[in-house]
Amino acid sequence: MLKKVLFGGESGLSVWANAGLALVRIYAGIALAFAHGINKLPPSDAFIERAGSFGFPVPVVFAWSAAFSEFLGGIFLAVGLFTRISSFFIMCTLL
C-alpha cells in the first residue's frame, strides 16, 4: 500500500494522455523552481523577517525550508523523481 502511494502511477491511460501529463508536470516543476524557488536562495534578511512576522517560531528554518521545497521540489517534479514526496512538501509550503 505504501509503495503504491509513494511510487504508484496512472495505468491504463493512452500514450497521448501520459505525454500530456508529463508536459504539465515538467512545465509546472520548471516554473516553480525558476520563477519562485531560485529567487529565495539564499533567503534574504527581508524574507526571513517576513516569515517571522507571520508568526513562525524559527523564521530562519522556515525560510530555508520554503526555498528548498520550492526550488528542489520543482526540480524533482520536473524530472519526475520522488514526485509525490516533493509535491507534499510543495503543498505544505504553499498552504
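This section describes the helical architecture, the largest pocket and the aromatic pairs of a predicted model.

The protein chain comprises five helices and zero strands, and its elements follow the pattern α-α-α-α-α when read along the sequence. Of the 95 residues in the chain, 21% are buried. Contacts between residues at least 6 apart in sequence were also examined, and 63% of these join residues at least 24 apart.

Helix H4 contains 21 residues. The distance from its first C-alpha to its last is 30 Å, close to the 30 Å expected at 1.5 Å a residue. The buried residues of H4 are Ala63, Ala66, Ala67, Ser69, Glu70, Phe71, Gly73, Gly74, Leu77 and Ala78. Glu70 is thus one of the buried residues of this helix, along with Ser69 and the glycines Gly73 and Gly74. The buried residues of H4 pack against three other helices, namely H2 (15-37), H3 and H5.

The two ends of H4 were considered next. In the loop between H3 and H4 lies Val58, which is partly exposed because its relative accessibility is 42%, between the limits of 20% and 50%. The C-alpha atom of Val58 is separated by 9.3 Å from that of Ile48, and the two residues are ten apart along the chain. Just after H4, Gly80 adopts a positive phi of about 90 degrees.

Empty space in the model was then assessed. Rolling a probe the size of a water molecule over the atoms shows where such space is left. The largest pocket has a volume of about 540 Å³. Its lining consists of 23 residues, of which Phe62, Ser65, Ala66, Ser69 and Thr93 are the closest to the centre of the pocket. Helices H3 (45-53), H4 (59-79) and H5 (83-94) each supply at least two residues of this lining. H4 gives the most, with ten residues. In chemical character, the lining divides into 15 nonpolar, five polar and three charged residues. Ala66 and Ser69, which are among the lining residues closest to the pocket centre, also belong to the buried residues of H4.

Aromatic contacts formed a further part of the analysis. A pair of aromatic rings is described by the distance of the centres and the angle of the planes. The structure holds five aromatic pairs. One of them joins Trp64 and Phe68, whose rings lie 5.5 Å apart centre to centre with 35 degrees between the planes, a tilted arrangement. Both residues lie in H4, four residues apart, or about one turn of the helix. An α-helix has 3.6 residues a turn, so residues three or four places apart point the same way. Trp64 has a relative accessible area of 33% and is therefore partly exposed, as this value falls between 20% and 50%. Phe68, at 38% relative accessibility, is likewise partly exposed.

Phe76 and Phe82 form another aromatic pair, with a centre-to-centre distance of 6.3 Å and 75 degrees between the planes. This pair counts as edge-to-face because the angle is over 60 degrees. Phe76 is partly exposed at 32% relative accessibility, and Phe82 is partly exposed at 41%.

Key. Residues numbered from 1 in each chain as written. Predicted model: local features only at pLDDT ≥ 70, side-chain atom pairs only at ≥ 80, totals over all residues. Heavy atoms only, no water. 1 Å grid on protein atoms, 1.4 Å probe; cavity = no way out; pocket = protein on both sides within 12 Å on 5 of 7 lines; lining within 4 Å. Points joined across faces, edges and corners; volume = space filled by probe spheres on them. Nonpolar A, V, L, I, M, F, W, Y, C, P; charged D, E, K, R; others polar. Phe/Tyr/Trp six-rings, centres within 6.5 Å; stacked < 30°, edge-to-face > 60°. Buried < 20%, exposed > 50% of the residue type's maximum accessible area, 1.4 Å probe, protein only. Expected span 1.5 Å × (residues − 1). Contact = heavy atoms within 4.5 Å.
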